[in-house]
Amino acid sequence: MTTKRDFYEVLGVAKTASAAELKKAYRQQALKYHPDRNKASDAAEKFKEISEAYEVLANPEKRQAYDQFGHSAGDPFANASSYRQGPFTYTYTTGGPAAAGGFDFGGFSDPFEIFESFFGGGRSPFRQARQIPRYGLRIEFMEAAKGAERTIIHQDREYKIKIPAGADDGTRIRFNEFYVTIEVKPDRRFKRDGNDVFIDEPISFSQAALGAVVPVPTLDGELKLKVQPGTQSGTLIRLRGQGMPHLQARGRGDQYVRLIINIPSHLTRRQRQLLEEFESEN
């Protein structure tokens, strides 16, 4: 296993280098080793190494993390995990552009775009040859919960993409020479946090005071929920195993129901009278 060189050493700058010094060093190294200009066998690897070093050191937050943790701070798969099923590789990532399976080159999708912005050239043929086709699929929230299937046409060939239950934003499916990234539409009622889901369920003042059985939606349909007498607004009730399926393992998350007491804005004369009698007895 090859050990990564220190990023400051790669760019040939001191650890105290300013942003301007970093940019200057990168430009010089990129001109020297860009594969379109340098035909040496190791030019592509060196250019990649230079671009990775600049991507980290040019970002103040990433530079601070690198200074503290070294190369482990920039591992693009540190927060990612994957598994294979048939010809597909499912990669579930959480948090930030690095965890999404790639680097965030300061607004650029890859180091070759940085080169083009610096030197004003056209799109590099080397870059185009290396680029992996990417497709995005936007699915409904309930499709993410249950799983779904989509069709993609790639190079005049039709591929059936099976989206696993529990997919989330950033779930990546790799198939042969392209990959698909999943985007999940937000739902009107369900809010997701990892494998757990949350809903707000309005109940009346009398239901909260006296207790009741109210229907609440779950990912599997309606469920009868018992509200205890004297329930306060904001009470959170946990429904075990009613959340999102785990993407790579058995089981599911939980569903949390937040009970919100609905105070009427308009009362009839009789309702007002009853409440006044209730208040007078306290």
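**Entry 1: Glutamate 183**

I started with glutamate 183, which sits in strand β7. The model is a predicted one, and I kept that in mind throughout. Is glutamate 183 buried, exposed or partly exposed? Its relative accessible area is 39%. Buried needs under 20% and exposed needs over 50%. Glutamate 183 is therefore partly exposed.

Next I looked for its contacts. I set aside the neighbours within four places in sequence; glutamate 183 then touches Leu137, Arg138, Ile139 and Asp169. I checked the distance to aspartate 169 too. The two residues are 14 apart in sequence, and their C-alpha atoms are 4.6 Å apart in space.

**Entry 2: Glutamate 140**

I moved on to another glutamate. Glutamate 140 lies in the loop that runs between β3 (134-139) and α8 (141-146). Its relative accessibility is 38%, so I noted glutamate 140 as partly exposed.

Which residues does glutamate 140 contact, beyond its neighbours within four places in sequence? I found Val184 and Lys185. Lysine 185 is 45 residues away in sequence. From C-alpha to C-alpha, glutamate 140 and lysine 185 are 5.2 Å apart.

**Entry 3: The cores**

Then I went to the nonpolar interior. In soluble globular proteins, nonpolar side chains tend to be buried together. The largest nonpolar core here has 34 residues. Which of its members touch the most others? They are Ile163, Ile182 and Leu225. Strand β7, residues 178-184, gives the most to this core, with four residues.

I listed the contacts of isoleucine 163, again without residues up to four places away in sequence. Isoleucine 163 touches Leu137, Ile139, Gly147, Ala148, Arg150, Ile173 and Ile182. There is also a second core, separate from the largest, with 18 residues. Among them are Phe7, Ala17, Leu22 and Tyr26.

**Entry 4: The β4-β5 hairpin**

I followed strand β4 (residues 148-154) into strand β5 (residues 157-163). The two run antiparallel, and seven bridges join them. Which residue of β5 stands opposite isoleucine 152? It is tyrosine 159.

Two residues lie between the strands of this hairpin. I looked at the loop between β4 and β5, where I found glutamine 155 and aspartate 156. Glutamine 155 is not a glycine, yet its phi is positive, at about 55°. Aspartate 156 is not a glycine either, and its phi is positive at about 65°.

I checked how open each residue is. Glutamine 155 has 63% relative accessibility, so I put glutamine 155 down as exposed. Aspartate 156 has 80% relative accessibility and therefore counts as exposed.

**Entry 5: The open sheet**

I traced an open sheet of four strands. Their order is β8-β9-β13-β12, and the pairing is mixed. Which strands lie at the edges? They are β8 (191-193) and β12 (236-239), each of which pairs on one side only. Direction ignored, neighbouring strands of this sheet are turned by 30° against each other on average.

Inside the sheet I looked at one pair. Strand β9 (residues 196-204) and strand β13 (residues 255-262) are parallel partners, with eight bridges. Isoleucine 203 has isoleucine 261 of β13 as its bridge partner.

**Entry 6: Helices α3 and α4**

I turned to a helix pair. Helix α3 covers residues 43-57, and helix α4 covers residues 60-69. Their axes come within 6 Å. How do the two helices lie to each other? They cross at roughly 105°. Angles of 65 to 115 degrees count as roughly perpendicular. So α3 and α4 are roughly perpendicular to each other.

I noted the residues that meet. Glu55, Val56 and Leu57 come from α3; Lys62, Arg63 and Tyr66 come from α4. Three residues of this contact are nonpolar, none is polar and three are charged.

**Entry 7: The whole protein**

I ended with the totals. I noted 10 helices and 13 strands. What share of the 282 residues counts as buried? The answer is 35%. I also looked at contacts with a separation of 6 or more. Residues 24 or more positions apart account for 51% of these.

Methods: Residues numbered from 1 in each chain as written. Predicted model: local features only at pLDDT ≥ 70, side-chain atom pairs only at ≥ 80, totals over all residues. Heavy atoms only, no water. Axes fitted to C-alpha atoms, helices over the stretch in contact; angles between N-to-C directions. Parallel < 35°, antiparallel > 145°, perpendicular 65-115°, else oblique. Contact = heavy atoms within 4.5 Å. Nonpolar A, V, L, I, M, F, W, Y, C, P; charged D, E, K, R; others polar. Pairing = 2+ DSSP bridges. Core = buried A, V, L, I, M, F, W, Y, C linked by side-chain atoms within 4.5 Å. Buried < 20%, exposed > 50% of the residue type's maximum accessible area, 1.4 Å probe, protein only.
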